[in-house]
Amino acid sequence: MNDGAPIRTQGPTATSGTIADRSSPGRRASTFAPLDVPEVDVPHEHQRGEVPALPQVAEIDIVRHYTMLSQQNYGVDTGPYPLGSCTMKYNPKLAETVAAFAGFQRAHPLQPDSTVQGTLAMLWRLEEALCEITGMARATLQPPAGACGEMTGLLIMRAFHADHGEQRTKVLIPDAAHGTNPASVRLAGFQSVNVPADERGLVDVDALRGLVDDQVAGLMLTNPNTLGLFEEHIEEITALLHAAGALVYYDGANLNAIMGKVRPGDMGFDIVHINTHKTFATPHGGGGPGAGPVGVAEHLVPYLPSPMLARGDDGSVGWDRDRPKSIGRLHGFNGNVGVLVRAYAYVFAHGGDGLTEVSELAALNANYLASQIGEAFPLAFPDSPPMHEFVATGEPLKRETGIRAMDVAKRLIDLGYHPSTVYFPLVVDVAMMVEPTETESKQTLDGLAAGFLRAADDARTDPDLLHEAPVTTPVRRLDEARAARHLRLRWGMGDPPD
Amino acid sequence: MLAAVGRSSTDELFTQIPSSVRLDRPLAIADGVSEMELTADLRSLAARNRSADDLTCFAGGGAYDHFVPAVVWALAGRSEFYTSYTPYQPELSQGVLQVLFEYQSMICELTGLDVSNASLYDGATALVEAVHMTLGPGRRGVLVSSGVDPRAIEALRTAGRGAGYEPEIFDGMPAVTDDVAAVIVQHPNVYGVLEPAREHFAAAAAAGAKAIELFDPLSLGVLASPGELGADIAVGEGQGLGNHLNYGGPYLGIIAARMADVRKLPGRIVGETVDVEGRTGYVLTLQAREQHIRRDKANSNICTNQTLMAIAAAIYLAWLGPEGLVDLGRQCMSKAGYAAQAIAGLPGVSPAFPGEPCFKEFAVRLPRPATFVIEEMIERGFLAGVAMPQAGDDVLVVAVTERRSRAEIDAFVAALGEVLAA
């Protein structure tokens with residue numbers, strides 16, 4: 001355990017200023033070949049008035065500045081990142097090397113299909129593998145992130161019902177659902193209706209039965225659900241929706257828990273989206289890029305976005321744009337292909353056997369960590385065994401000491417660890433959602449557990465350690481209310497903070 | 001570890017899954033392979049591609065062969081950036097947060113607008129998000145210039161089916177009625193032409209509609225900015241800002257707006273603040289706009305964005321600097337002008353929009369179908385451009401970036417002459 005070790009040991013603190021503060025008139029990093037054709041003047045009415053005030057810096061200024069900033073950032077390469085629901089597993093370096101091959105990295109999106117057969121064959125094999133993992137008939141690789149995948153699935157629902165002469169108005173979602181679900185539902189032109197959970201944290205099937213009618217277009221569900229629990233009555237749930245003519249959407253946020261064990265298609269789901277950064281370890285990039293492929297059952301294939309891959313008799317792969325029932329296009333080009341190469345590398349490096357093991361180890365690690373910290377942070381739903389992640393509650397600790405989950409999280413930072421997710425899911429009081437992922441070793445998990453227990457001890461014996469935390473980082477707790485009240489969203493805006 | 005959790009096998013961790021739905025066979029995906037085998041597999045796949053690495057690239061249409069200096073990915077590729085999550089714990093994420101603040105600042109400098117977010121997926125989806133900022137009760141009309149990228153219009157049609165609007169295409173001046181929410185102009189447009197955007201935007205403003213410009217960030221050293229042209233919202237494809245072609249993604253969706261609309265901006269926004277000791281620091285701010293707080297009332301569902309591409313863009317713009325931005329603009333404009341003149345001199349070739357000024361792209365009419373010419377030019381080592389079937393099978397749009405030399409342009413024109421004469 002990194003007891004008391006500061007996380008940031010290199011570089012100056014964040015008060016060193018922005019790249020603009022390193023600017024000096026006349027300095028520059030960029031160079032160009034001399035202009036070797038006659039210069040063309042910009043027509044007067046199109047001319048820019050004043051040249052944009054970009055920073056004027058040399059290459060070494062840029063390198064020092066952004067190296068310093070990188071040192072003020074925690075990544076999976078820095079240490080464990082047990083953010084529940086976010087799935088921050090190790091990103092194999094192999095994926096970076098292969099994605100940088102010139103044939104992938106330098107291909108133009110509008111090249112003729114005949115000149116990108118390597119990429120198209122790669123995408124075709126990836127689509128086949130995703131369909132096998134999810135039990136779907138076909139998949140689109142176009143959505144650039146999970147939320148766009150949700151939109152894709154919901155527009156497919158809409159197109160399916162419209163094709164059957166129906167204008168259904170409602171989509172059901174569990175009350176613990178990720179915020180993107182209700183937001184996507186509204187943007188797809190539906191009204192979202194909350195489905196309550198029972199005391200075990202699972203969908204209340206009786207309540208669901210009361211909500212299903214002929215205005216319900218579908219249900220969106222994560223399984224294991226947003227609390228990390230498997231919906232045991234899934235067959236009854238999907239049958240209930242299908243009997244009412246509705247579709248069932250699988251939010252793939254937790255697909256990493258069940259690979260090779262159970263497939264959404266076999267549970268009765270009609271539509272599945274996949275977050276490649278969660279399940280297939282594509283790097284999250286500090287917030288993106290992602291990729292959100294969407295698979296569908298056979299009866300929904302005609303509605304998938306356009307274009308779709310098609311394989312000819314000679315084995316060549318091309319884009320099929322002749323899709324009259326398609327919902328259309330959701331991205332300017334072909335989706336985040338550079339991310340999909342990395343997903344391909346992960347899928348085929350592990351293979352079917354390795355992916356199954358990934359899910360087993362993810363569950364083992366989560367259950368192990370839950371057992372090690374349960375004394376201080378018990379499971380919020382002790383009657384339902386967790387899978388790849390678990391929701392612990394800081395409620396007993398808060399009752400005893402008044403210490404909040406956020407204070408525990410900040411103390412973990414000083415103990416050398418990225419904290420778990422806190423206050424999500426919203427339906428649990430003092431939720432601490434922990435997902436160690438399959439890539440962490442027993443030693444790392446033991447260190448993390450010791451960190452949680454130490455934080456709980458400190459809450460009893462020296463609570464100021466938690467109130468004051470973090471103290472080892474480049475900045476300490478930041479005034480978020482001030483940020484929203486005195487907006488300073490770029491340099492030169494408003495008054496600098498005093 | 002199994003003993004600690006009271007189980008005798010990992011499979012026992014899955015007993016809550018009903019056996020009736022359990023997969024009773026292994027996944028039908030080949031067993032895992034070693035790193036060296038997988039590298040060889042992907043190397044052979046990559047070798048089956050042609051690319052801008054071995055073809056001289058005159059293709060554009062929203063994705064461009066601009067130069068990517070070494071410094072960009074030497075820094076954006078540092079793993080503290082690319083293996084981190086969305087910066088929800090700001091004390092551990094000052095690096096990403098500050099770069100995004102710098103990115104937002106530089107996008108505001110470029111566009112001449114007040115505020116930028118921390119990125120969207122790409123140019124086409126940024127346009128969709130911009131339109132969603134403008135819709136209101138009684139204002140559902142979306143007028144789109146015929147010069148807007150057809151793929152962006154397709155994305156808008158797809159989104160409109162859910163959100164309840166249908167884009168209408170206009171030529172010339174738009175007829176802006178009081179139920180119109182947005183007027184959209186691409187500048188330079190998809191044929192490379194500089195539209196009279198000022199007049200379009202004035203017409204929008206006069207009717208109380210929002211003016212949305214789809215812009216090229218690398219034109220803004222020489223061309224009037226969206227702010228100067230009167231745009232309320234500027235969206236653009238940021239691929240050219242240090243990001244690789246990547247066969248279409250990951251790219252960078254840019255969006256900037258005026259201060260009055262800041263609370264309608266979608267996605268993450270970084271703000272500056274202070275810590276408990278008064279030190280400057282950065283946080284995600286105005287989060288009450290976003291899906292994780294506002295749920296079904298949110299204007300946008302975006303969660304994961306393209307942060308790493310925005311980091312690359314910030315580093316690239318710092319590399320470019322103000323003088324570099326102007327140099328790059330002049331190079332593009334002059335080389336495109338030179339190429340356009342030379343190509344128009346070939347027998348049977350004519351400019352599609354004679355007399356119109358262009359920036360780095362221009363459209364020509366050919367005596368043969370554009371798709372045929374593109375295939376033939378690949379045999380000769382060139383990505384000749386992109387076809388624009390909506391304007392006619394004979395229309396080819398050619399892009400010339402700062403990377404192309406006079407010798408390459410001359411060789412391109414000579415090869416094109418051969419193909420057309422054959």
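**Overall fold, domains and chain contact in the predicted model**

Chain B of this predicted model has an average pLDDT of 97, and 100% of its residues reach a score of at least 70. For the model, the scores are ipTM 0.97 and pTM 0.97.

It is helpful to begin with the build of a single chain. Chain A contains 16 helices and twelve strands. Along the principal axes, its C-alpha atoms occupy a box of roughly 75 × 70 × 45 Å. The radius of gyration of chain A is 25 Å, which agrees with the value near 23 Å that a compact globule of 498 residues would have. Burial can be read alongside these dimensions: 60% of the 498 residues of chain A count as buried. The contacts within the chain add to this picture. Among those in chain A with a separation of 6 or more, 73% join residues that are 24 or more positions apart in the sequence.

Turning to chain B, the domain assignment gives two parts. Domain 1 is made of residues 56–68 together with 320–421, and domain 2 covers residues 70–314. A distance of 28 Å separates the C-alpha centres of domain 1 and domain 2 of chain B. Where these domains of chain B meet, 24 residues of domain 1 are in contact with 23 residues of domain 2. On the domain 1 side of this contact in chain B, two elements give two or more residues, namely helix H10 (307–344) and strand S12 (361–365). Helix H10 of chain B gives the most to that side, with seven residues. By class, the domain 1 side that touches domain 2 in chain B is made up of 16 nonpolar, four polar and four charged residues.

The contact between the two chains comes next. Chain A brings 166 residues to this contact, and chain B brings 160 residues. On the side of chain A that touches chain B, helix H11 (residues 337–373) of chain A supplies the largest share, with 19 residues. The composition of this side can be given as well: the part of chain A that touches chain B has 85 nonpolar, 54 polar and 27 charged residues.

Taken together, the model can be followed at three levels. Within chain A, there are 16 helices and twelve strands; within chain B, domain 1 and domain 2 touch through 24 and 23 residues, respectively; and between the chains, the contact takes 166 residues from chain A and 160 from chain B.

How values were computed. Residues numbered from 1 in each chain as written. Chains lettered and ligands numbered in written order. Predicted model: local features only at pLDDT ≥ 70, side-chain atom pairs only at ≥ 80, totals over all residues. Contact = placed C-beta atoms within 7 Å. Helix = DSSP H or I, 4+ residues; strand = E, 2+ residues; numbered from the N terminus. Nonpolar A, V, L, I, M, F, W, Y, C, P; charged D, E, K, R; others polar. pLDDT = per-residue confidence, 0-100. Rg over C-alpha atoms; globule rule 2.2 N^0.38 Å. Buried ≥ 20, exposed ≤ 12 C-beta atoms within 10 Å, placed from the backbone. Domains from an automatic or database assignment.
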